[in-house]
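Here is a quick tour of a protein chain, written for someone who would rather look at geometry than read a long preamble. Have the viewer open and follow along.

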Amino acid sequence: MFARLPDKNVSDGALTFDTFGAFGYRLLAATGRSGTASEGGIVYSVAASGAVSKVGAYASSTKGGADAMVVAPPGFGTGARHVVLTVDAGPRGSLVLMDPRGRTREIALLPD
């Protein structure tokens, strides 16, 4: 086993790599259960050594969990180099940004 997240909740979550360096070029893992009314989840960073660090918790007004995530490119305005989480609650979803300090903001609500 490479790494283990310290989260025991049922989760499908999401994975991405930080290719821009804001999160130390680490693997990023988001917990949360997409497609259900959940209270969001947590984003972790995973170092090459397998060490796991918590970046921060996220939630959405749509009450769902991460379905996918990506690190936004440098040209993405004030969201550049932030994690973009697609939060899926079933009948609707949202986009939530998280900066390297774990601060979040919801930037869009989406119909399903």
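## The β3–β4 hairpin

Keep in mind that this is a predicted model. A good place to start is the pairing of β3 with strand β4 (residues 52–58): the two run antiparallel and are joined by six bridges. One position to look up is glycine 41, which stands opposite tyrosine 58 in β4.

Five residues sit between the strands of this hairpin, and glycine 50 takes a positive phi near 95 degrees there. As for β3 itself, which spans residues 41–46, the strand is mostly covered, with six of its six residues buried.

## β2 and the loop after it

On to strand β2 (residues 27–30), which also runs antiparallel to β3, this time with four bridges. Alanine 29 has tyrosine 44 in β3 as its bridge partner.

Threonine 31 belongs to the loop between β2 and β3. Is threonine 31 buried or exposed? Its relative accessibility is 6%, so threonine 31 counts as buried, the cut-off for buried being under 20%. Setting aside neighbours within four places in sequence, threonine 31 has a good list of contacts to click through: Leu5, Asp7, Ser11, Gly13, Gly40, Gly41, Ile42, Tyr44, Tyr58 and Ala66. Among them are Gly41 and Tyr58, the pair that stand opposite each other across β3 and β4, as well as Tyr44, the bridge partner of alanine 29.

## The four-stranded sheet

Further along, there is an open sheet of four strands in the order β5-β6-β7-β8, with antiparallel pairing. Its edge strands are β5 (65–71) and β8 (104–111), each of which pairs on one side only. From one strand to the next, the twist averages 20 degrees.

Inside that order, strand β6 (residues 83–88) and strand β7 (residues 92–98) run antiparallel and are joined by six bridges. To check the register, find valine 87: its bridge partner in β7 is serine 94.

## Two salt bridges

How many salt bridges are there? The count comes to two. In one of them, glutamate 39 pairs with lysine 63, and the closest N and O atoms are 3.7 Å apart. Glutamate 39 lies in the loop between β2 and β3 and lysine 63 in the loop between β4 and β5, so this pair ties together parts that are 24 residues apart in sequence. On the surface side of things, glutamate 39 is exposed, with a relative accessible area of 59%, while lysine 63 is partly exposed at 39%.

The other salt bridge joins the side chains of arginine 103 and aspartate 99, at 2.6 Å from N to O. Here the acidic partner, aspartate 99, is buried, with a relative accessible area of 9%.

## Alanine 72 in the β5–β6 loop

Last stop: alanine 72, which is found in the loop between β5 and β6. Being in a loop doesn't leave alanine 72 out in the open: its relative accessible area is 2%, so alanine 72 is buried.

What does alanine 72 touch? Not counting residues up to four places away in sequence, alanine 72 is in contact with Phe20, Gly79, Ala80, Arg81, His82 and Val84. For a distance to try in your viewer, take alanine 72 and serine 34: they are 38 residues apart along the chain, and their C-alpha atoms are separated by 21 Å.

Notes
Residues numbered from 1 in each chain as written. Predicted model: local features only at pLDDT ≥ 70, side-chain atom pairs only at ≥ 80, totals over all residues. Heavy atoms only, no water. Buried < 20%, exposed > 50% of the residue type's maximum accessible area, 1.4 Å probe, protein only. Pairing = 2+ DSSP bridges. Contact = heavy atoms within 4.5 Å. Axes fitted to C-alpha atoms, helices over the stretch in contact; angles between N-to-C directions. Salt bridge = Lys/Arg side-chain N within 4 Å of Asp/Glu carboxyl O.
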